[in-house]
Amino acid sequence: VANVPSPCAIHSITVALEQMIREDAAAGRPLLAALVVSRSQPGLPGKGFFQLISELGLYDGPDHGTAAIEYHQEEVEMACAYWGEGDCLL
């Protein structure tokens, strides 16, 4: 759980995650932001994650369901291998 003070905590986190996604995508790296999941979609990032990666041409599918789960799992595995040497706590 992130400890970001109010006001605008969710907005601040969203802006930071979007910037991370853009930077990782531009550098051809796995998306570290994939490790952040939503309360409203347990185990998956929020809808904005899928909207942004669709805009960036990284994903072409829905923001929920089997396709989203499979894409997210693959991205998490790649991010863990790249960023955390495979030691992610999931």
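Rings of Phe, Tyr and Trp count as a pair if their centres lie within 6.5 Å. By that criterion, ring pairs in this predicted model link Phe49, Phe50, Tyr59 and Tyr71 into a cluster. This cluster is a handy place to start a tour of the structure, since two of its members, Phe49 and Phe50, belong to helix 2 and another, Tyr71, belongs to helix 3.

A search of the whole structure returns 4 aromatic pairs. One of them joins Tyr59 and Tyr71, whose rings are tilted, with 50° between the planes and 4.8 Å from centre to centre. Tyr59 sits in the loop between helix 2 and helix 3, while Tyr71 is part of helix 3, so this pair ties together parts that are 12 residues apart in sequence. Both Tyr59 and Tyr71 are buried. Another ring pair is formed by Tyr82 and Trp83, and here the geometry is edge-to-face because the planes stand at 75°, over the 60 degrees required; the ring centres are 5.0 Å apart. Tyr82 is partly exposed, with a relative accessible area of 47%, and Trp83 is likewise partly exposed, at 38%.

The helices that carry several of these rings also pack against one another. Helix 2 spans residues 47-55 and helix 3 spans residues 65-83, and their axes lie 12 Å apart at an angle of about 80°. Helix 2 is therefore roughly perpendicular to helix 3, as the angle falls within the 65 to 115 degree range for that description. On the helix 2 side, the contact is made by Phe49, Phe50 and Ile53; on the helix 3 side, Ala68, Tyr71 and His72 take part. Sorted by class, the residues of this contact comprise 5 nonpolar and 1 polar, with no charged residues.

Helix 1, covering residues 9-27, contains Ile21. With a relative accessible area of 3%, Ile21 is buried, because buried means under 20%. Beyond residues up to four places away in sequence, Ile21 touches Leu31, Ala33, Phe49, Leu52, Ile53 and Leu56. Among these partners, Phe49 and Ile53 also take part in the contact between helix 2 and helix 3. Ala33, another partner of Ile21, is 12 residues away in sequence, yet the two C-alpha atoms are 6.3 Å apart in space.

Met20 is also in helix 1. In contrast to the buried Ile21, Met20 is partly exposed, at 28% relative accessibility. Leaving aside neighbours within four places in sequence, Met20 is in contact with Leu32 and Ala33. Ala33 thus appears among the contacts of both Met20 and Ile21. The C-alpha atoms of Met20 and Leu31 are separated by 7.6 Å, with the two residues 11 places apart along the chain.

What about charged side chains? Side chains of opposite charge can pair when their charged atoms come close. How many salt bridges does a search of the whole structure find? The search finds 1, in which the side chains of Arg29 and Asp24 meet with an N to O distance of 2.9 Å. This separation satisfies the requirement of lying within 4 Å. The two partners differ in their surroundings: Asp24 counts as buried, at 4% relative accessibility, whereas Arg29 counts as partly exposed, at 26%.

Technical notes. Residues numbered from 1 in each chain as written. Predicted model: local features only at pLDDT ≥ 70, side-chain atom pairs only at ≥ 80, totals over all residues. Heavy atoms only, no water. Buried < 20%, exposed > 50% of the residue type's maximum accessible area, 1.4 Å probe, protein only. Axes fitted to C-alpha atoms, helices over the stretch in contact; angles between N-to-C directions. Helix = DSSP H or I, 4+ residues; strand = E, 2+ residues; numbered from the N terminus. Parallel < 35°, antiparallel > 145°, perpendicular 65-115°, else oblique. Contact = heavy atoms within 4.5 Å. Nonpolar A, V, L, I, M, F, W, Y, C, P; charged D, E, K, R; others polar. Phe/Tyr/Trp six-rings, centres within 6.5 Å; stacked < 30°, edge-to-face > 60°.
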